[in-house]
Amino acid sequence: MSGCLLHAGAVIGCPHGGRAAPATAPSGGVRVDGITVATTAHAYVVTGCPHTVQGVPSPCVSVHWTAADTGVTADGAPVLLDTCAAQCFSAALVPQGPPVVQAAQRKVTVR
């Protein structure tokens, strides 16, 4: 599996144009260019999603990541790559579509 390593400063959005970011500032010992590496231990929230369903607001509010079993961990949790499976959800936990990763860290290849 290969992909770009996600970090706390990666530019991630929901499929409707909202902005996804870590719920709290991730801390940890593993950093890339001074920014904490993102792992499955980090919760992501979405703000500014304009999505509606039949005129009723149904914005994305969270992103749930599923890291592939690459064997690469940071602080004991699997790291996130831009190729990891993920889904944005509404407050009612309705799937809204995958997030859009617009900018991430350098490409890595895991064998």
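## Worked exercises on an all-strand chain

Thr36 lies in strand β5, residues 35–36 (strands are DSSP runs of E with at least two residues, helices runs of H or I with at least four, numbered from the N terminus). The model is predicted, so local features need pLDDT of at least 70 and side-chain atom pairs pLDDT 80 or more, while totals for chains, interfaces and linings use all residues. Numbering starts from 1 along each chain as its sequence is written, and side-chain values use heavy atoms, without hydrogens and water.

**Exercise 1.** Decide whether Thr36 is buried or exposed, and find its side-chain partner.

*Solution.* Start with the accessibility of Thr36, which is 4%, so this residue counts as buried (buried is under 20% relative accessible area, exposed over 50%, partly exposed in between; 1.4 Å probe, protein chains only). Next, look at the side chain: Thr36 and Arg31 are joined by a polar contact of 3.3 Å (N or O atoms within 3.5 Å, one able to donate a hydrogen and the other to accept it; residues adjacent in sequence count only through two side-chain atoms).

**Exercise 2.** Describe the chain as a whole: how many helices and strands does it have, and what share of it is buried?

*Solution.* Count the elements and you get zero helices and 15 strands. Then turn to burial, where 39% of the 111 residues qualify. Finally, take the contacts between residues at least 6 apart in sequence: 65% of them join residues at least 24 apart (contact means heavy atoms within 4.5 Å).

**Exercise 3.** Work out which strands pair with β9, and in what sense.

*Solution.* On one side, β9 (residues 60–66) pairs with β6 (residues 44–47) in the antiparallel sense over two bridges (pairing takes at least two DSSP bridges). Here Val45 stands opposite Ser62. Another partner of β9 is β12 (residues 85–90), antiparallel and joined by six bridges. In that pairing, Trp65 faces Ala86.

**Exercise 4.** Find the aromatic pair and place it in the nonpolar core.

*Solution.* The count of aromatic pairs is one (ring centres of Phe, Tyr and Trp, using its six-membered ring, within 6.5 Å; planes under 30 degrees apart are stacked, over 60 edge-to-face, the rest tilted). The partners are Tyr44 and Trp65, edge-to-face at 5.9 Å centre to centre with 65 degrees between the planes. They link distant parts of the chain, with Tyr44 in β6 and Trp65 in β9, 21 residues apart. Both rings belong to buried residues. Now for the largest nonpolar core, which has 23 residues (buried Ala, Val, Leu, Ile, Met, Phe, Trp, Tyr and Cys joined through side-chain atoms within 4.5 Å). Tyr44 and Trp65 are among the members that touch the most others, as is Leu80. β6, β9 and β12 each give at least two residues to this core, and β9 gives the largest share, three. As a last check, Leu80 has contacts beyond four places in sequence that include Tyr44, Trp65 and Leu6.

**Exercise 5.** Compare two loop residues, Val79 and Gly48: which is buried and which is exposed?

*Solution.* Val79 sits in the loop between β11 (77–78) and β12, and its relative accessible area of 7% makes it buried. Its contacts outside four places in sequence include Leu5, Val37, Ala67 and Cys84. Gly48 belongs to the loop between β6 and β7 (52–53) and, at 65%, is exposed. Setting aside residues up to four places away, Gly48 touches Gly17 and Gly18.
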